[in-house]
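Me: I'd like a close look at one part of this model, the strand pairing. Take me through it slowly.

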Amino acid sequence: MSEQPAAAGEGFHPHLPDAARPTAAELRSRLHHIRADALDGDTAQTGGMRRFAAVSGRTVGSEKLWMGQTRVSPATSSSDHHHGASETAIYVVSGHPEFVFLDGSGGSPEEVRLRTSPGDYVFVPPFVPHREENPDPDTEAVVVIARSTQEAVVVNLPGLYALRPGEPPEEAG
């Protein structure tokens with residue numbers, strides 16, 4: 001019995017049999033539909049939150065972009081972390097997550113808390129230590145994340161520290 005390809009628009013790679021493992025060139029020659037229930041949880045993680053990859057080198061053959069979803073449970077805070085040389089853009093889907101970092105542009109580092117709502121965006125520059133918090137006792141916070149690197153880069157830290165303008169990240173701390 002021959003295997004019938006899925007109908008157009010169905011499945012992860014609708015025109016490839018499930019047994020086929022496409023090459024990078026094959027992955028980069030077609031569009032990809034990643035269903036909400038097919039996100040990949042096997043990605044870099046930080047305590048207190050869960051990341052799920054949608055677009056990555058492994059899932060679709062991307063070379064310069066990573067995109068996925070992060071979920072922070074009610075009344076939870078992530079560990080402190082940064083994303084290396086990756087620029088990160090965040091879109092708040094639901095909940096009211098807060099993004100916390102230390103601003104070192106003044107005389108002494110000052111904690112800054114960005115309180116967000118659905119529809120808001122947050123930009124995280126490379127190497128800036130931060131954490132996500134969800135102070136709501138009942139509602140999970142869900143955000144969509146896009147990064148300028150092909151995979152999720154996560155460097156977990158023992159604490160927050162402030163980057164001073166022009167200071168190389170290796171010297172911060």
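In what order do the 4 strands of the open sheet run, and is their pairing parallel or antiparallel?

Reply: The order is β3-β9-β6-β7, and the pairing is antiparallel. Before going on, keep in mind that this is a predicted model, with local features needing pLDDT of at least 70 and side-chain atom pairs pLDDT 80 or more, while totals for chains, interfaces and linings use all residues. Numbering starts from 1 along each chain as its sequence is written, and side-chain values use heavy atoms, without hydrogens or water.

Back to the sheet: its edges are β3 (76-77) and β7 (110-115), and each of these strands (DSSP E runs of at least two residues, numbered from the N terminus) has a partner on one side only. For β3, that partner is β9, residues 131-134, and the two run antiparallel over 2 bridges; pairing takes at least two DSSP bridges. If you want a spot to look at, find S77, which sits opposite E133 of β9.

Now turn to β8, residues 121-124. Strand β5, residues 88-94, pairs with β8, again in the antiparallel sense, over 4 bridges. One place to check is A89, whose bridge partner in β8 is F123. The side chains of β8 alternate along the strand. V122 and V124 point to one face and are buried (under 20% relative accessible area, 1.4 Å probe, protein chains only), while Y121 and F123 point to the other face and are not buried. That puts F123 in two roles worth viewing together: bridge partner of A89, and one of the β8 residues whose side chain is not buried.

Conventions. Buried means under 20% relative accessible area, exposed over 50%, partly exposed in between (1.4 Å probe, protein chains only).
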